[in-house]
Amino acid sequence: MKLANYVNGKWQESSVAEYTAVLNPANGEELAQVPLSTERDVDIAVKAAKAAQKKWAKVPAPKRADYLFEIGRLMKQKKEQLAQVLTKEMGKVIEEARGEVQEGIDMAYYMAGEGRRLFGETTPSELADKFAMSVRSPIGVVGLITPWNFPVAIATWKSFPAIVAGNTFLWKPATETPMMANEMAQIFHEAKLPDGVANIVFGSGSEVGTAMVEHRDISVISFTGSTETGRKVAEAGGRNLKKVSLEMGGKNAVIVMEDANLELAVEGILWSAFGTAGQRCTACSRVIVHKDVKEELQNRLIDKIKTLTIGDGLDESVKVGPVINQKAIEKIHSYIGIGQEEGATLLVGGNILTYAPYNKGNYYAPTLFTDVAPDMRIAQEEIFGPVVSIIEVADFEEAIEVNNNVIYGLSSSIYTTDVNRVFKAQRDLDTGIVYINAGTTGAEIHLPFGGTKGTGNGHRDSGVAALDVFTEWKSIYVDYSGKLQRAQIDNEI
Ligand code: UN1
């Protein structure tokens, strides 16, 4: 199957006939061919999006929302089909794929509701017979650049608020997961979204992504991906005076205090560290544990990790699927040597699964390190795979300090039964998302999603906060006094 860009309501071949293969990470099977489009394709799509936006902005927001209700309904109807495609192309286990599609459905209905809110403010004017209010205005054409690890959910976090607010978009999905984007194109089409509102151009970050960031008619770039690429996007976006919203890496920790329910903590760590084979921005890659329970927690984790079933995510009994590609395998594996050289102790895993039936896919054994010092590279750098480091601490204060002592600030978690510690932790953990007695993953779509420090640049996906990325505030003053009234001058009593 050769995929085609979706531009102005039609599937259009890229202007250059260069393609790359989309491979199933579970078994290496070729699933599709994705075009490597060019700057010219971006330009054509932006022209269509720009023309469509003028009309789209005039459609009343509750009407725009009706399309989202329909998109949500279609996603729900096709949930199983979408989940199957997602597992095949990305590798996450089918139960999680269903969860991810559900995240998209939730976002559709939630943002559709915003069509009847999009609240601004009315406020008294300082002058008599004058009215003041603020409204959210659409910005224009927005550019969305999304990663392969959540190929549908993250795209919905960005595209749905964008369109309900009256923008049109150009979306560049990751080349590893274009089939999900193609499924979404079909849904946009079936929902009869007006031509040019949703546009998808496939291709590389260096060609298509760069063309988007440099394009004068794209006003906003919303990007989720690596810190390295995010920095380039921010630099180019800054030069071009674009609003740039970035969602990047994480080095998320679960803190386990001596008074924690250990059984619960073990479950939370396993789920958030090895779910999606550790390939979530929110995945737990550090466990910060109080010295009194370290041994016990460690032993329980070792036992449980050994029971995790690894394999093709389409098999319902599998808990850990493959990682995305061979490059990821190499990166993950390189950290095993780095950790051991720095003096960490490898407890479980640390190997590529090279024997049948794993030899056809990209499988990495769930891995646990202990005696990790907080400043070791395995405790500081994002590995993006099923690798966890145990760090021992003496008390609560040290646990918070270790948690915060990384360049990232996405998600954190603490297991404790002490209510005073709970409130101190939720105040002092320097991350955009904090969990109490739950692992580091599992964000819900109606709350802001994003992080502090090197994780982002102050914006948020999801929740009402997403609307701030895709709207401009407009302040409106209506003077009905019939005379000149000068603010700050004619308002003395
Ligand atoms: C991501 O890893 O980039 O909270 C997104 C979670 C999911 C979203 C993760 N709802 O883990």
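How much space lies in the largest cavity? In this predicted model, a search of the whole structure finds two cavities of 30 Å³ or more, and the largest cavity holds about 90 Å³ of space. Its lining consists of 15 residues. Those that lie nearest the centre of the largest cavity are Gly278, Ala283, Ser285, Glu382 and Phe384. When the lining of the largest cavity is divided by class, seven residues are nonpolar, five are polar and three are charged.

The second largest cavity contains about 30 Å³ of space. Tyr6 and Gly9 contribute to its lining, together with Phe188, Leu193, Pro194, Asp195, Gly196, Val197 and Ala198. By class, this lining of the second largest cavity comprises six nonpolar residues, two polar residues and one charged residue. In general terms, empty space of this kind is revealed by rolling a probe the size of a water molecule over the atoms.

The ligand was examined next. It sits in the second largest pocket. The residues around the ligand are Glu103, Asn149, Phe150, Ile154, Trp157, Arg280, Cys281, Thr282, Thr441, Gly442, Ala443 and Phe449. Of the residues in this shell, six are nonpolar, four are polar and two are charged. Both domain 1 (5–248 + 456–476) and domain 2 (252–436) supply at least three residues each to the shell around the ligand.

Polar contacts to the ligand involve Arg280, Cys281 and Thr282. For Arg280, an N or O atom of the side chain lies 2.7 Å from an oxygen atom of the ligand. For Cys281, the partner is a polar backbone atom, which lies 2.7 Å from an oxygen atom of the ligand. For Thr282, an N or O atom of the side chain is found 2.8 Å from a ligand oxygen atom. The ligand exposes 320 Å² when taken alone, and the protein buries 99% of that area.

Key: Residues are numbered from 1 along each chain as its sequence is written. This is a predicted model: local features need pLDDT of at least 70, side-chain atom pairs count only at pLDDT 80 or more; totals for chains, interfaces and linings use all residues. Side-chain values use heavy atoms; hydrogens and water are left out. A residue is near a molecule or strand if one of its heavy atoms lies within 4 Å of it. A polar contact is a pair of N or O atoms within 3.5 Å; within protein, one must be able to donate a hydrogen and the other to accept it, and residues adjacent in sequence count only if both atoms are side-chain atoms. Accessible areas come from the Shrake-Rupley method with a 1.4 Å probe; for residues, only the protein chains shown count as cover. On a 1 Å grid over the protein atoms alone, a cavity is a set of points where a 1.4 Å probe fits but cannot get out, and a pocket is an open set with protein on both sides within 12 Å along at least five of seven lines; lining residues have an atom within 4 Å of a point. A molecule sits in a cavity or pocket if more than half of its atoms lie within 2 Å of its grid points. Ala, Val, Leu, Ile, Met, Phe, Trp, Tyr, Cys and Pro count as nonpolar, Asp, Glu, Lys and Arg as charged, and the others, Gly among them, as polar. Domain bounds come from an automatic or database domain assignment. Grid points are joined across faces, edges and corners, and a volume is the space filled by probe spheres set on the points.
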